[in-house]
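Visitor: I would like the reasoning behind each label in this model. Please set the values against the definitions as we go.

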Amino acid sequence: MPTEAQDKMLYAALHLFTTKGFKDTSVLEIVELARVSKTTFYQSYSSKEELLVSLFKQLAEEIIEEVKNAVLQEQKITEKAYAGIRRYMELCVTRSTVAKLLLVESVGVSQVVEKVRREAHRRFAELFYQTVQSEIPALISEEEAHIISQAMVGAINEVVVQNLFESDEDAHLERLARLLNRIVVGAYVNLSQ
């Protein structure tokens with residue numbers, strides 16, 4: 001358990017939101033697990049929704065940074081895409097409760113949470129876009145590259161939700177990551193011809 005009140009509340013919220021669900025978790029349960037007062041909670045957050053937004057932003061930032069680092073370690077564009085997809089999928093398997101919170105539990109909570117979800121997806125798509133534009137800048141239009149990047153994020157997240165939460169088999173993850181990489185590369189190559 002962290003020592004700072006803010007971190008303790010985020011930790012407690014993550015644990016409760018991923019075990020009980022957002023809707024079934026109360027502020028009282030969060031403060032009891034975090035061992036802070038309700039006053040401390042309300043000095044930091046106006047509601048558990050605001051706490052979820054803060055938690056979502058922090059978790060999404062951590063995941064995006066790890067994916068970005070995996071991409072930057074590769075030289076070839078096809079390997080960059082694969083490394084990013086594979087790392088994202090690994091994180092979703094190894095931190096499945098976090099991935100479920102970000103991809104499933106937070107859906108439909110509120111307009112504010114949806115805005116944060118869309119922003120995280122936009123940033124992930126922007127990472128795809130920047131990788132492609134740095135490698136093949138003149139082959140496809142900026143608009144086409146953005147749309148493909150957005151579609152790939154949606155496709156990857158859907159594959160994660162439907163295939164990975166119940167599986168930790170490395171071969172399964174490897175096969176899915178390779179297949180998604182072929183789809184991503186194929187989408188960009190087909191438009192550039």
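Visitor: Which residues does Leu10 touch, not counting residues up to four places away in sequence?

Guide: Leu10 touches Tyr45, Leu51, Ser54, Leu55 and Gln58. Contact means heavy atoms within 4.5 Å. This is a predicted model, in which local features need pLDDT of at least 70, side-chain atom pairs count only at pLDDT 80 or more, and totals for chains, interfaces and linings use all residues. Residues are numbered from 1 along each chain as its sequence is written, and side-chain values use heavy atoms, with hydrogens and water left out.

Visitor: Why does Leu10 get its label, buried or exposed?

Guide: Buried means under 20% relative accessible area, exposed over 50%, and partly exposed in between (1.4 Å probe, protein chains only). Leu10 has 7% relative accessibility, so Leu10 counts as buried. Leu10 sits in helix H1. Its C-alpha is separated by 8.1 Å from that of Ser54, 44 residues apart along the chain.

Visitor: What counts as a helix here, and how many does the chain have?

Guide: Helices are DSSP runs of H or I with at least four residues, strands are runs of E with at least two, and both are numbered from the N terminus. By that rule the chain has 9 helices and 0 strands. The C-alpha trace spans about 60 × 35 × 30 Å along its principal axes. Of the 193 residues, 45% are buried.

Visitor: How do you know whether the span of H1 agrees with its number of residues?

Guide: The expected span is 1.5 Å times one less than the number of residues. H1 has 15 residues and should therefore span 21 Å; its end C-alpha atoms are 21 Å apart, which agrees. H5 (residues 77-94) is close to its expected value too: its 18 residues reach 26 Å, with 26 Å expected.

Visitor: Which residues of H1 are buried, and what do they pack against?

Guide: The buried residues are Lys8, Met9, Leu10, Ala12, Ala13, Leu14, Leu16 and Phe17. They pack against H2, H3, H4 and H6. One rule helps in reading such a list: an α-helix has 3.6 residues a turn, so residues three or four places apart point the same way. Just after H1, Gly21 takes a positive phi of about 100°.

Visitor: What makes H1 and H4 parallel or perpendicular?

Guide: Axes are lines fitted to C-alpha atoms, for helices over the stretch in contact, and angles run from 0 to 180 degrees between N-to-C directions. Under 35 degrees is roughly parallel, over 145 roughly antiparallel, 65 to 115 roughly perpendicular, and the rest oblique. The axes of H1 and H4 (residues 48-72) cross at roughly 95° and come within 10 Å. H1 and H4 are therefore roughly perpendicular. Residues making this contact include Met9, Leu10 and Ala13 of H1 and Leu51, Ser54 and Leu55 of H4.

Visitor: At what angle do H1 and H6 cross, and which label follows?

Guide: Their axes cross at roughly 70° and come within 9 Å; H6 covers residues 96-105. That makes H1 roughly perpendicular to H6. Leu14, Phe17 and Thr18 of H1 meet Thr97, Val98, Leu101 and Glu105 of H6.

Visitor: How do you know whether Val98 is buried or exposed?

Guide: Its relative accessible area is 4%, so Val98 is buried. Val98 lies in H6. Beyond residues up to four places away in sequence, Val98 touches Leu14, Thr18, Leu59 and Ile63. From Val98 to Ala60 is 38 residues in sequence and 9.5 Å in space, C-alpha to C-alpha.

Visitor: Now the loops: why do Thr25 and Arg35 get their labels, buried or exposed?

Guide: Thr25 has a relative accessible area of 2%, so Thr25 is buried. Thr25 is in the loop between H1 and H2. Leaving aside neighbours within four places in sequence, Thr25 is in contact with Leu16, Phe17, Lys20, Ile30 and Lys48. Arg35 is at 72% relative accessibility and therefore counts as exposed. Arg35 is in the loop between H2 and H3. Its phi is near 60°, a positive value in a residue other than glycine.

Visitor: Which residues does the UniProt annotation "DNA-binding region" cover?

Guide: In the unreviewed UniProt entry, that annotation covers residues 26-45. Such annotations may be inferred rather than shown by experiment, and positions are given in the numbering used here, with feature names shortened. In the model, the span is 75% helix and 0% strand, and its end C-alpha atoms lie 13 Å apart.
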